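Colleague: I'd love a close look at one part of this model, starting from a single residue and moving on to the aromatic side chains. Please take me through it step by step.

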Amino acid sequence: MKLNLRNSIAFFDLEATGTNISTDRIVEISIVKLNIDGGQEIYTRRVNPGVPIPLEASLIHGLYDKDVKNEPSFKDISKEVFQFIGQSDLSGFNVLKYDIPLLVEEFLRAGIEFDLDKRNLLDAQKIFHLMEKRNLTAAYKFYCGKTLENAHSAEADTLATLDVFRAQVERYVGEEAIDLQGNKLGVFENDMKKIHDLVNEKMVDLAGRFVFNSQGEEVFNFGKHKGKPIEQVFKEEPGYYDWMMRGDFPLDTKRKLTQVKLRGFTNR
């Protein structure tokens, strides 16, 4: 289908040093501009972020410090990127939460005002989630080919979930499980412990305030210490434990935090 365009659309994706919009930096930018006449232009450029690329980020996008050390900074290419995008609308996958805010931040650091007010923001992920429901009724239809009657009745929902789970195991046994970053997590098997490990691979506490990093360390998943090992933070800022224990965090989160703290004492 030919898209009905009033403006060109710049589809783009960013690779960066991490996911913190305020502190992380772009290491690669790729833009495919779809023009009103249907023609396409492509702009792809690696970027020297000016800071070391964390190993965890490199393992995801495959770019290491040596790959970008001779590349220009974003500030150096900011004008050509700005001119390439022009007055285009913006699109990509999950761009509203990450790529657009990071791009605007980089432009502002380069002294360029990148105005979004007159652009359409067309996030393909938002369309996906809007049009392809991901609730129990949709799962029941997808996996079981049935319509869920009496949805939101506790018994009906529970019986439907059992049917969905059985169908999922039957459907995926022997398939490789891959996360959103492309990391292979293992083969899906008809084994409840192995399914647990696949589904909850990085979970530390139920609220998701802490996760395991690639080295198997518990790290903060929020706030100013996001990505830092809990034990490291306690050494650098001992009062942070007391702040969290006084804070409005779930009891399970506080319990996990205390377990890590006590383990640190026993390892001394």
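Colleague: In which helix is Leu55 found?

Modeller: Happy to! This is a predicted model, where local features need pLDDT of at least 70, side-chain atom pairs count only at pLDDT 80 or more, and totals for chains, interfaces and linings use all residues. Residues are numbered from 1 along each chain as its sequence is written, and side-chain values use heavy atoms, leaving out hydrogens and water.

Leu55 belongs to helix 1 (residues 55–61); helices are DSSP runs of H or I with at least four residues, strands E runs of at least two, numbered from the N terminus. Leu55 is partly exposed, at 47% relative accessibility (buried is under 20%, exposed over 50%, partly exposed in between; 1.4 Å probe, protein chains only).

Now the rings. There are 15 aromatic pairs (Phe, Tyr or six-membered Trp ring centres within 6.5 Å; planes under 30 degrees apart are stacked, over 60 edge-to-face, the rest tilted). Phe82 and Phe114 are edge-to-face, because their planes meet at 75 degrees, with centres 6.1 Å apart. Since Phe82 lies in helix 3 (residues 74–85) and Phe114 in the loop between helix 4 (95–109) and strand 5 (121–123), the pair ties together parts 32 residues apart in sequence. Phe82 is partly exposed at 28%, whereas Phe114 is buried at 4%.

Phe222 and Phe249 make a tilted pair, with centres 5.7 Å apart and planes at 50 degrees. Both are buried, and they share one aromatic cluster with Phe210, Phe220, Tyr240 and Trp243.
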